[in-house]
Amino acid sequence: DLKAFRDLVFDCVATGLVVLDHRHRVTAFNRAAAEITGRSSAAILGTPWNAIAGVDLAEVAAALEEPSTRSVRRETVIRRADGEAVPVLTTFSTLRSAAGDPLGLVAACEDLSALRRMEARMRQADRLASLGRMSANIAHEIRNPLASMTGAIEALTATDAVGGDERDKLTQIVLRESDRLNRTIGDFLAYARPTPIAPRRIDLAAV
């Protein structure tokens with residue numbers, strides 16, 4: 001009865017649980033872990049951990065040997081059987097016998113897919129909000145030079161009494177404000193387009 005109850009709890013936990021032996025091969029995993037990995041029990045039992053996820057278990061095991069460390073958390077990507085990449089936060093703990101001897105590792109896996117999608121939506125919403133604020137500013141920046149250009153053109157076309165110097169001055173206003181409009185639109189387009197990736201070496205100490 002105790003074993004049946006333990007197996008029931010193990011299988012009903014929403015967190016993916018994977019048990020690994022000393023060789024870091026899967027010896028048990030629950031239903032949630034099967035859903036995360038997209039693999040059946042027959043396909044995953046006996047499989048080495050590095051075939052599922054890219055966490056360095058030698059480094060994890062070394063960290064767990066420290067007396068003050070009870071668990072180690074690592075974020076990684078698990079490749080499902082269908083090829084889909086699933087972001088997963090995994091918490092590793094040492095599996096011990098009743099006598100306290102280490103038997104292997106227990107990995108508790110949490111699917112971060114929904115969280116990552118929400119973060120992407122939030123980033124998109126924030127970007128759209130920024131574009132909305134910028135659009136309001138751009139509308140203001142465009143109206144000002146348009147008003148100056150309209151006034152100058154009306155003065156140029158209203159009468160032939162405008163002198164040469166005055167005509168040159170009004171013409172310069174139209175040209176200057178046209179250039180200002182062009183710069184404003186260029187700045188907006190530069191902000192709206194995706195930023196090109198430009199990797200470079202930096203001195204982290206200086207930063």
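**Exercise 1. Two salt bridges from strand E3**

Is Arg74 buried, partly exposed or exposed, going by its relative accessible area? Then work out what Arg74 and its neighbour in sequence, Glu75, are paired with.

*Solution.* Bear in mind that this is a predicted model.

Step 1. Start with the accessibility. Arg74 has a relative accessible area of 27%. The partly exposed class sits between the 20% and 50% cut-offs, so Arg74 is partly exposed.

Step 2. Now look for its partner. Arg74 makes a salt bridge with Glu59, and the closest N and O atoms are 2.6 Å apart. Since Arg74 belongs to strand E3 and Glu59 to helix H4, the pair ties together parts that are 15 residues apart in sequence. Glu59 is partly exposed too, at 34% relative accessibility.

Step 3. Move on to Glu75. Its side chain meets that of Arg116 in a salt bridge, at 2.3 Å from N to O. Arg116 lies in helix H5 (residues 113-158) and Glu75 in strand E3, so this pair ties together parts that are 41 residues apart in sequence. With a relative accessible area of 26%, Arg116 is partly exposed.

Step 4. Check whether the second pair stands alone. Glu75, Arg116 and Glu119 are linked in a network of salt bridges. For the whole model, the count comes to 6 salt bridges.

**Exercise 2. A salt bridge inside one helix**

Find the salt-bridge partner of Arg183 and say how the two residues sit along helix H6.

*Solution.*

Step 1. The partner is Asp179, with the closest N and O atoms 2.4 Å apart.

Step 2. Count along the chain. Both residues are in helix H6 (residues 164-192), and because they are 4 residues apart, about one helical turn separates them. That spacing works out nicely: an α-helix has 3.6 residues a turn, so residues three or four places apart point the same way.

Step 3. Finish with the surroundings. Arg183 comes out at 46% relative accessibility and is partly exposed, and Asp179 is partly exposed as well, at 39%.

**Exercise 3. The inner face of H4**

Which residues of helix H4 are buried, and what do they pack against?

*Solution.*

Step 1. H4 covers residues 57-64, and its buried residues are Leu57, Val60 and Leu64.

Step 2. Look down the helix axis. The buried residues of H4 fall within an arc of 55°, so they line one face of the helix.

Step 3. See what that face meets. The buried residues of H4 pack against E1, strand E3 (72-79), strand E4 (85-96) and strand E5 (102-111).

Step 4. Zoom in on E1. Leu20 is in this strand, which spans residues 16-20. At 1% relative accessibility, Leu20 is under the 20% cut-off and so counts as buried. Leaving out residues up to four places away in sequence, its contacts include Leu57, along with Trp49, Leu103 and Leu105, among others.

**Exercise 4. The E3-E4 hairpin**

How do E3 and E4 run relative to each other, parallel or antiparallel, and how many bridges join them?

*Solution.*

Step 1. The two strands run antiparallel, joined by 8 bridges. One of the pairings is Glu75 with Leu89 in E4.

Step 2. Follow the chain from E3 to E4. The strands form a hairpin with 5 residues between them, and Gly83 in the turn has a positive phi of about 95°.

Step 3. Pick a residue in E3 and list its neighbours. Thr76 is in this strand and, at 12% relative accessibility, counts as buried. Beyond residues up to four places away in sequence, Thr76 touches Val86, Pro87, Val88 and Thr90, as well as Ala53, Gly54 and Val55.

**Exercise 5. Nonpolar side chains on the outside**

Which residues form a nonpolar patch on the surface, and what is their accessible area together?

*Solution.*

Step 1. The patch is made of Leu2, Phe5, Val9 and Val13, with about 390 Å² of accessible area together.

Step 2. Place one member. Val9 is in helix H1, which covers residues 2-12.

Step 3. Check its exposure. Val9 is at 39% relative accessibility and counts as partly exposed.

**Exercise 6. A distance across the model**

How far apart are the C-alpha atoms of Gly151 and Phe188?

*Solution.*

Step 1. Gly151 is in helix H5 and is partly exposed, at 35% relative accessibility.

Step 2. Gly151 and Phe188 are 37 residues apart along the chain, and their C-alpha atoms are separated by 26 Å.

How values were computed
Residues are numbered from 1 along each chain as its sequence is written. This is a predicted model: local features need pLDDT of at least 70, side-chain atom pairs count only at pLDDT 80 or more; totals for chains, interfaces and linings use all residues. Side-chain values use heavy atoms; hydrogens and water are left out. Buried means under 20% relative accessible area, exposed over 50%, partly exposed in between (1.4 Å probe, protein chains only). Contact means heavy atoms within 4.5 Å. The arc is that of the directions from the helix axis to the C-beta atoms. Patches are made of residues with over 30% relative accessible area and no salt bridge: like charges are joined within 9 Å, nonpolar side chains (Val, Leu, Ile, Met, Phe, Trp, Tyr) within 5 Å. Accessible areas come from the Shrake-Rupley method with a 1.4 Å probe; for residues, only the protein chains shown count as cover. A salt bridge is a side-chain nitrogen of Lys or Arg within 4 Å of a carboxyl oxygen of Asp or Glu. Two strands pair if DSSP finds at least two bridges between them.
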